[in-house]
Amino acid sequence: MTSYATPPISPFLLTLDASNATLEPQGSTLVRRMSDLGGLFADVPAWERAVADGDPIVYTVVSSPVPEIPRELPQSVTTIHPGTIGGEFWMTKGHQHPDPQGEIYLGLGGCGGLLLFDGERTEWLEITPGVVGYIPPGWAHRSVNIGDEPYRFLAVYPGSAGHDYGWVLKHGMGLRARKSDSQVELVPFTPTELG
Ligand code: S6P
Ligand code: ZN
């Protein structure tokens, strides 16, 4: 048998309820409210009003018990609720993996956009149930709910990947996803928005 500095966890079955975004067995749950998304939406006064007006939950991330440590392969289900701030769709914070590692997203419910940015190039992939989006190493990624119902997806990623949120605050994501006549309009970040 292989010897490891940190022994891997034991094999197990994971039951995924896509309608309710539950995992069994389940690990930690992360809740992100509007107040956790400071500096991300273009319309700051609209964001401030939403924070003052009940500070709604924008998204939750339910994880399996697989730990985020090297060699393990954690999974989580993200649910982004529908909504807009100043015309911009509700979205995740977005991050880079400090250890450049790939990741896959499997659509479970609703309709979403996967915005990818490598510092120069931007890609936009639309994810619906049954569709897998591939995030190559080195691409920052943000998810956006572009529909009228909760958008849910399963993420599977290397446990060593990590999450760098500061990179997105500094470099932006290249494009913003706005609602326009029930369509998605992708607009560039302006240079003045970036620190
Ligand atoms: C982890 C993976 C997802 C996100 C989740 C929330 O590598 O990409 O589980 O963590 O969708 O997004 P964020 O940007 O707040 O971590
Ligand atoms: Zn990631």
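The following exercises, with worked solutions, concern pockets, a metal site and strand pairing in a predicted model.

**Exercise 1. Characterise the largest pocket by volume, central residues, contributing strands and lining classes.**

Step 1. The volume of the largest pocket is about 420 Å³.

Step 2. Its lining comprises 24 residues, and those closest to the centre are Leu30, Val61, Ser76, His163 and Tyr165.

Step 3. Six strands each contribute at least two lining residues: E3 (29-33), E4 (57-63), E5 (75-80), E8 (103-109), E12 (140-145) and E13 (151-156).

Step 4. Sorted by class, the lining holds 11 polar, nine nonpolar and four charged residues.

**Exercise 2. Describe the second largest pocket and the largest cavity in terms of volume and lining.**

Step 1. The second largest pocket encloses about 180 Å³ of space. Thirteen residues line this pocket, and Gly39, Leu40, Arg176, Phe189 and Glu193 lie nearest its centre.

Step 2. Eight residues of that lining are nonpolar, two are polar and three are charged.

Step 3. For enclosed space, the search of the whole structure returns one cavity of 30 Å³ or more. The largest cavity contains about 40 Å³ of space.

Step 4. The lining of the largest cavity is formed by Thr6, Pro7 and Pro8 together with Ile69, Pro70, Arg71 and Glu72. By class, these are four nonpolar, one polar and two charged residues.

**Exercise 3. Identify the donors of the zinc ion (ligand 2) and determine the geometry of its site.**

Step 1. Three histidines coordinate the ion through NE2, namely His95, His97 and His141, and Glu103 coordinates through OE; the distances are 2.1 to 2.2 Å.

Step 2. The spacing of these donor residues in sequence is H-x1-H-x5-E-x37-H.

Step 3. The site has six donor atoms, with angles among them of 69 to 172°. Six donors count as octahedral if opposite donors are over 155 degrees apart and all others lie between 65 and 115. The site is accordingly classed as octahedral.

Step 4. As to solvent exposure, His95 and Glu103 are both buried.

**Exercise 4. Establish how E5 is covered and which strands pair with it.**

Step 1. Six of the six residues of E5 are buried, where buried denotes under 20% relative accessible area.

Step 2. In a regular strand, side chains alternate between the two faces of the sheet. In E5, Gln75, Val77 and Thr79 are on one side, while Ser76, Thr78 and Ile80 are on the other; all are buried, so that both faces are covered.

Step 3. E4 and E5 run antiparallel and are joined by five bridges. Within this pairing, Tyr59 has Ile80 of E5 as its bridge partner.

Step 4. E5 also pairs with E13, in the antiparallel sense, over six bridges. Here Thr79 is opposite Arg152 of E13.

Step 5. The pocket of Exercise 1 can now be revisited: E4, E5 and E13 are among the strands that each supply at least two residues of its lining, and Ser76 is one of the residues closest to its centre.

**Exercise 5. Describe the connection between E14 and E15.**

Step 1. E14 (residues 175-180) and E15 (residues 183-188) are antiparallel partners, with six bridges between them. Lys179 is opposite Val184 of E15.

Step 2. The two strands form a hairpin, with two residues between them.

Step 3. In the turn, Asp181 adopts a positive phi of about 50°.

How values were computed. Residues numbered from 1 in each chain as written. Chains lettered and ligands numbered in written order. Predicted model: local features only at pLDDT ≥ 70, side-chain atom pairs only at ≥ 80, totals over all residues. Heavy atoms only, no water. 1 Å grid on protein atoms, 1.4 Å probe; cavity = no way out; pocket = protein on both sides within 12 Å on 5 of 7 lines; lining within 4 Å. Points joined across faces, edges and corners; volume = space filled by probe spheres on them. Helix = DSSP H or I, 4+ residues; strand = E, 2+ residues; numbered from the N terminus. Nonpolar A, V, L, I, M, F, W, Y, C, P; charged D, E, K, R; others polar. Donors = N, O, S within 2.8 Å, 3.2 Å for Na, K, Ca; no water. Tetrahedral: all angles 85-135°; square planar, octahedral: opposite > 155°, others 65-115°. Buried < 20%, exposed > 50% of the residue type's maximum accessible area, 1.4 Å probe, protein only. Pairing = 2+ DSSP bridges.
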